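Biologist: Please take me closely through one part of this structure, starting from a single residue and working outward through whatever surrounds it. I would like the reasoning spelled out wherever a conclusion depends on it.

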Amino acid sequence: MEASALDRSLLVAAAAAAPAPTVADPPLGGPISPGLDVLLCILPVAFLLAVTLSKRLFLPTARSLPWAAFMMWSIKMCWIGENPIHITATVMQGALLALTPLSILFSAFVFFNALTTTNTLAYMAALVRALCCNHPVAEVMLVLWAIGHLIEGAAGFGTGPAMLPPIMAALGHAPFESVVCLLIMTTCVGPFGSSGIGLWFGLSALDWSRAQLVHVTFLVSICMTVMSFPICWLGARFLLTWRDVRGCWLFCALSVAACALPMLLASLFSFEAPGLLSGVLGTLITGLLARKQLGLSQQVPCALARRAQDLEGALESGSRKVPDAFHEGQPPGFAGSPGGGPGGAGTAAYLADRRQLAARLAPWACMLAVVAGTRASYLQHSNGRELTLHLRSLGDLSISSNLVISFHDLCRIFVNWSYALLYVPALLPFVCTACATLLAFRHSIPPGKSWRDPFAAATAKCKGVAPAIIGALILVALMVQGGRQAPSYIIGYWLSEWLGRGYIAVSQLLGAVGSFFSGSVATSNMTFGLLQQVAAKKLGLNATAMVMLQIVGGAAGQMISISNILGGRAVMGLQHVPEGRFVQAALPACFAYYVAGTLLALPFLFM
């Protein structure tokens, strides 16, 4: 998740707790050998991968992530020998950092539950289907590719997996496949999410000039532009066949180019604009292409199957009851299937009253407008006008006039945490919009349901994912903190020392590991960005290209990120599906990133 509060807290704490390592600073590990240090620091990560991917050893992340965090705590306490008070403050910080993703997930759940309870989601799905002329290829490219770029570029924070799959389910697409497709597709804009926070904030420890940041942004954009076409196919294959894509190749190519080319052009002069510009232009152009049916064949298998389902649904007498998303574990929809839903007469019924349609789409427009409007840097950091509560040895709890809640100097050893209440896309865009929706359409709430139901359902879902997210963020904090005693620094330093220029082959893997746990390219960049620069200087390689590998690896790790998977799985009612199945499904696309990113970076590394 692109959590700015999380990223800022980790950066401030790491900088304050220990001086930034330089090329000449070896790690401070255990008493025996560097090899054993690296092995022990990797052990919690290896344990987590084993129990997540193995069917025989499988543990749900609600258990495995807290265990992995406990293993890392034990290693730092008993082997590395870090200050126990600092470790305690780090654990407290990690638990507080979990409030950011949990608040986003809770708020997104409330928003979609409110839309479902008031039957508002049906209108959005009907509009998408009408705009796409009931063509499955157009629906996938518009919602998951183009709008996915828009949501990720504007909000970040892993908002996409909690927002867009329910629309696809309402259109009749498979829930699991929709989540995996979105996780893969949005990685192409992942480095530029939330107005490029992964670059300008995630790399702030490198103390680069604006020109250097623009340069690395351009290098990353080149890689993402080249990767957009294969990554789009690797994601779409979960919902479409090769014959579907080949039959509509022109539409797919134009839609991909509509997002990729503006991103590449914007990266020539800015590191904030590529993601948002890519999403806005990509959505407008893809929507226009879908409406004009440019490059969309009606003879591909998915279109023929959709027409057959619509015909079957039209012939059935009566309408089929929609499964309750929150009691039967199914994603929210309004038809149960494409045939009985918004296709044909169903779509026309939803679109007949233009005033009602506009009113039902207002929550979406309001949510997007608030997300875009709250990207101001003024809301991200405390303005200094604070009301402070001094808690003696625990630290100082404060709230600023721009509603940034902060915990300064945890355990009095310069570990900090903050939560930007108005900047994080939770309270304003989702909860407030959901409350307004429930109030405006209260007469649409069916008998037997209440305005409290969306909040109760969201609370129940968050209870299920909270242990995993808290464990993941504590693990991330324990890996990052400690300066020369930080496990992330120990692993990266000695790998670059032992492998020489072979370190290039593992550079991306470190970036992927960072975002695998945190879900954030920015956090991954803060964890390993400075280390990648140190390694490049030690090996006589171009530091900008090495950091580019780090960023691409962080983007690849987002598609298998535990926090993103948990969010998409929960909102779609897929708690019965193991997290390892999502990871295994996305691994081929992750490997494609690894190969392509490494090959594309090679010419720049030796410049």
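Modeller: Thr-225 is buried, with a relative accessible area of 11%, and since everything here rests on a predicted model, that value should be read as computed from predicted coordinates. The label follows because buried means a relative accessible area under 20%, and the 11% of Thr-225 falls under that limit. Thr-225 belongs to helix 12, and once its neighbours within four places in sequence are set aside, it is in contact with Ala-260, Met-263 and Leu-264.

Helix 12, which spans residues 210–236, is one of the helices against which the buried residues of helix 10 pack. Helix 10 itself covers residues 175–185, and nine of its 11 residues are buried, so it is largely enclosed by the rest of the structure. The buried residues of this helix are Phe-176, Ser-178, Val-179, Val-180, Cys-181, Leu-182, Leu-183, Ile-184 and Met-185. Besides helix 12, their packing partners include helix 7 (136–154), helix 8 (159–163) and helix 9 (165–170), together with helix 25 (562–571) and helix 26 (579–605), whose residue numbers lie far along the chain.

The packing of helix 10 against helix 7 leads to Leu-144, which, apart from neighbours within four places in sequence, is in contact with Ser-178, Cys-181, Leu-182 and Met-185, among others. The contacts of Leu-144 also include Glu-139, Leu-164, Met-168, Thr-186 and Leu-239. Leu-144 and Trp-364 are the residues with the most contacts inside the largest nonpolar core, a set of 185 residues. Helix 20 (residues 453–480) supplies the largest share of this core, 14 residues. A second core, separate from that one, has seven residues, including Leu-379, Ala-420, Leu-422 and Tyr-423.

Helix 7 also has a partner in helix 14 (residues 249–266), and the axes of the two come within 10 Å and cross at roughly 10 degrees. Angles under 35 degrees count as roughly parallel, and helix 7 and helix 14 are therefore roughly parallel to each other. On the side of helix 7, the residues that meet helix 14 are Val-137, Ala-138, Met-141, Trp-145, Ala-146 and His-149, and on the side of helix 14 they are Phe-251, Cys-252, Ser-255, Val-256 and Cys-259. Sorted by class, this contact has nine nonpolar and two polar residues and no charged ones.

Two of the helix 7 residues just named, Ala-146 and His-149, are also touched by Gly-279, which in addition touches Leu-150 when residues up to four places away in sequence are not counted. Gly-279 sits in helix 15 (residues 274–292) and is buried, with a relative accessible area of 0%. Its C-alpha atom and that of Val-189 are separated by 8.7 Å, although the two residues are 90 apart along the chain.

Trp-242, in helix 13 (residues 242–247), gives a contrasting case of accessibility: it is partly exposed, with a relative accessible area of 49%. The C-alpha atoms of Trp-242 and Pro-301, 59 residues apart along the chain, are separated by 9.9 Å.

Away from these helices, Ala-420, already mentioned as part of the second core, falls within the residue range of strand 4 (415–420). Four strands form an open sheet in the order 1-2-3-4, with antiparallel pairing. Strand 1 (386–390) and strand 4 each have a single partner strand and stand at the edges, so one side of each is left without a neighbour in the sheet. From one strand to the next, the twist averages 15 degrees. Helix 4 (residues 84–97) packs on the sheet, where it touches strand 3 (404–410) and strand 4, and its direction makes about 10 degrees with that of strand 4.

To set this close view in its surroundings, the protein as a whole comes to 26 helices and four strands, and 61% of its 607 residues count as buried. Among contacts between residues at least 6 apart in sequence, 79% join residues at least 24 apart.

Notes: Residues numbered from 1 in each chain as written. Predicted model: local features only at pLDDT ≥ 70, side-chain atom pairs only at ≥ 80, totals over all residues. Heavy atoms only, no water. Buried < 20%, exposed > 50% of the residue type's maximum accessible area, 1.4 Å probe, protein only. Contact = heavy atoms within 4.5 Å. Core = buried A, V, L, I, M, F, W, Y, C linked by side-chain atoms within 4.5 Å. Axes fitted to C-alpha atoms, helices over the stretch in contact; angles between N-to-C directions. Parallel < 35°, antiparallel > 145°, perpendicular 65-115°, else oblique. Nonpolar A, V, L, I, M, F, W, Y, C, P; charged D, E, K, R; others polar. Pairing = 2+ DSSP bridges.
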